[in-house]
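Thanks for asking me to look this one over. Please have the sequence and the 3D view open side by side while you read my points.

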Amino acid sequence: MASFSSWSADPSVPPLTLVQNGRPYPAIVNRVNLSFPTKGNALWWACWEVEVSWADGDKSKEPGRDCRCECIRKHMEKAFWQHESDDHAPLWLYDERRRLYTQGDMWNGTIDDKVDQRTHLEATWVSGVHVDLSRLGREESMEEKRFVQIYIRQMAKCKPGHVVAGRRVYVADQECIPWSLKDMPYGDIVEGRSLWLGWVALLDEAKFSDQSSGLQITVNATAGFGMAKQSLQHFIGSFFTRRKEDQCMDLDGYLHSWWQKNEDFQRSARILNQSRFGIKNMKVTTPHLQRPNERKVREISDQSPKDTWFELDGTWTNVQDYLQRKYQIWLKHPQLPCVDLGSGTRKDWVPVELVEVLGGDRNFCKTVSDEMLGTLVKKLAVEPEQRLKWIENILWELGDLKKLGAQTDWTLVPLVCRELSSQYLIHGDAKGKGKGQVIRFDDGFFKPAQLTMRHPPSRRVSWLLLNWASDVKQEDLHYLRDALCAVMWKRGVEFDGNPFCLDADCHELWNVEDFLDNNCKQWAVELVVALMPDKKAGNNLRIALKAGAHALGIHSGVVTLAAGKGGKGGWKGDGKGKNGKNGKNGKGSSHDASEAMQGLVKKKLDNYANKLLQRLGVLAELQNPHPLLREGTLLLGADVRHEEGAASLAGMVGACKPPFTRYHSTCRAQMPKEAKEGERQRQTKEHIDDIGGMVRDLLWYYEKEVPASQGKPRRVVMIRDGVSEGQFGKHAEEIASLVDALPELESGVKPEVAWIVVQKRHQTRIFPDKKNGAEALSNGNVKPGIVADAGIAHPKYENWYAVSHKAIKGTAVPAHYFLLKNTTSFVKDDFVELVHQLCHMYPRAPCAVSYPTPTYYADHLCEFAHELKTYYTHHAREFRLGEGGAAGRPDTIEAVNALFSSRYLNGSLLQGSNHFC
């Protein structure tokens, strides 16, 4: 196996060291070692920048991807007239965008060729850029890695029935599934789309030992939903039959009858335009209208072609008459609706029967509905042994790499991981006079009912129970009230045992805010618990309640009911017990409550109580916290939430003092910079612009919470979520901005800084090596607390993989940590222990979680900010922002940031109590 010494590291980036803590744990990773020889003609490829244009010189619109690929294929067939044998690498490779690779030094300068009557090809050799595969695994080789990734995908695409979507390869035709993958999931039809099996293969550098590194290929199984090329009318018909396509006899007729049954065309169109169906933005073409270019569905009309009118050359005509006159097309189903395929402000209505859905990777998707997500989870969340078998079989599909000269034995890489010690929580001792009780994580879990509050509120908690679910009987309401009181007293909280129970009839934010202001002030209420209808129906109410409570400094929580079916066990049960009117009278018992309410209390109330208690005080704390979790540390977490075509939302949370369980927050909205000419316009922005301002916000809370005698923070630990390795260069600006925002200490120096990035979206999986004595969990996963670096860690950075949780279903996904900056006196092992402990400090769940609590909370903050922004966009008149509120459109960056800085989020009176989740 070829190896190379570590590259010269950036002095600001800590060099890679290996974890020493914990005892050895044998494991296997889903990677194989890979190397390339240092000699051979097949190792050198020229790189060309290509451009395909129309032969008539029309540059108003570029040729589509299919046209570009066909043009280049025709040219290369003329250039390479010799036949390519199966046992050699291809002589050229195209990435289907702008790069063309040719083996060896075939030409110099440029290629200029009129391929046919329609297209013209221009290619320029990229000076100084070429692919030399002998460099792989020996030095910086980004161009070579990119080439190999393209090679894997293009070779797979040449196989019958295979489709490439991004970095993944899928088998779109069940008859073409390779023998080695017969046991992988395939064929379920959900939302009109078929489940396709697939795999992903990525190149990674890895550290083998203190002296050597090398190249590996990471392999994992995946799945997604795609469809064959078909008419849009056929697709909608098969979608609504809810049956497999081969069982649908007359899909067009079914669609026709479905539309006729729904006489209200507006209702029918509204159903089809719902985002969960995935019809909006579907890529289609209109071959009957002599327009082969790819287009997108914007919406489905609520009118038929004969009722859809538009102006043409000063006269008005309808779509049906226009098609007959210009294209001599007579519609078979003139009563079916039209589809808008226009762009910008221009609408282009086309009858649904003339629209053809593109197949292959054009309309491939992971999920467009909860049903599709559930199907994926059921199919892919298999036990580790089954996934490991899939991965070993997928390796048979990567044999084409041998044509490039790749050398490997196709055996998965063995690892010697480290197993960290178990963590313990201290809870109980409500008065703070003793040591409390110890609770242990058994394989990553504990029973929430066992917890009593470590630092509860010092006074009796006055609360209010609101009911927005109109079909809930008073017996159920009183039963929930009594059960919640019993749980809270058991947890060591003095909870008002006889709260007010009110039916709420307010549905807008300003009404909710006034309602809370009037009633909560009157009774000195500090917590509101609301009973909502099902999640979808009560979503706006939930956001309005949370925003209004934030503005008034009142804690809030929501109990969501599943949709009731009535009758026995439903929310309209016929229990007849003591039932008082609204107010402090009436007692509930299990004999009076419906079975559904009793089930909710039994299954969910303990976890729900944890969510409320973590806002009211300290639920539990670590028994032996790391020295980094002591006085003088400011613990930060940050994340960014993206939404295509809208502002990205950056959130940051911070805990100022031990036991680091109560967080303050700050949030910003930002848009990506407008791209320069020739650059790709990015739709989202991961880089946080105002990180200095956000850090200063949290420093203000630090000075407010921490006694002045302790001074300013001596060290700052930031855990940043969602940054990929390709963004680390730009990410250095965030680190510099944080350092600049920190105040100097009394000694005149800046506080110590540690910056950690955690990644979750990767393909690396770690499996227990049972043959070498590894102890596994009952579901086949590695034990919580496993840390791996030697054998798989990136050689350029200080990094490691860690499994801190027990996967409830499927194979555990390790978190990948990068220590990008460290000016403290602590070393890698300290930060490995720190993040492991922080995974055990998430009070909303009775278990250790997969990544640290600060980043979890930052994610919750961004999610609530998104909900608040969305609600504000449609209901801006309901908000009372005061003088600081932005005028004009509510969807502008200025308006959104004014909303965030108001009392509804950043300026909330609940800061420091995890109010955002």
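Here are some notes on strands, sheets and cores, in numbered points.

1. A reminder before we start: this is a predicted model. Please read each point below with that in mind.

2. Let us begin with strand β22, which spans residues 413-419. Five of its seven residues are buried, so the rest of the structure largely encloses this strand. On one pairing, β22 runs antiparallel to strand β1 (residues 23-29), and seven bridges join the two. If you want a place to check the register, R23 has E419 of β22 as its bridge partner.

3. β22 also pairs with strand β36, residues 786-788. This pairing is antiparallel too, with two bridges. Here you can look for R418, which stands opposite V787 in β36.

4. Next, the hairpin made by β8 and β9, which has two residues between its strands. The strands, residues 162-165 for β8 and 168-171 for β9, are antiparallel and joined by four bridges. H162 stands opposite V171 in β9. In the turn, G166 has a positive phi of about 65 degrees.

5. Stay with β8 for a moment, and consider its two faces. In a regular strand, side chains alternate between the two faces of the sheet. In β8, H162 and V164 lie on one side, while V163 and A165 lie on the other. All four of these residues are buried, and both faces of the strand are thus covered.

6. Which strands stand at the edges of the open sheet β24-β23-β29? They are β24 (437-440) and β29 (621-622), each of which has a single partner strand, so one side of each is left without a neighbour in the sheet. The three-stranded sheet is antiparallel in its pairing. Between β23 (residues 424-427) and β24 there are four bridges, and L425 stands opposite I439 in β24.

7. Now to the nonpolar cores. The largest has 118 residues, and W468 and Y817 have the most contacts inside it. Helix α12 (residues 595-616) gives this core its largest share, nine residues. A second core, separate from that one, has 62 residues, including L34, C47, F147 and L404.

8. Finally, Y817 deserves a click in the viewer. Setting aside neighbours within four places in sequence, its contacts include I756, V757 and V758, as well as E798, N799, W800 and A802. Also among the residues in contact with Y817 are V835, C839, S850, Y851 and P852.

How values were computed: Residues numbered from 1 in each chain as written. Predicted model: local features only at pLDDT ≥ 70, side-chain atom pairs only at ≥ 80, totals over all residues. Heavy atoms only, no water. Buried < 20%, exposed > 50% of the residue type's maximum accessible area, 1.4 Å probe, protein only. Pairing = 2+ DSSP bridges. Core = buried A, V, L, I, M, F, W, Y, C linked by side-chain atoms within 4.5 Å. Contact = heavy atoms within 4.5 Å.
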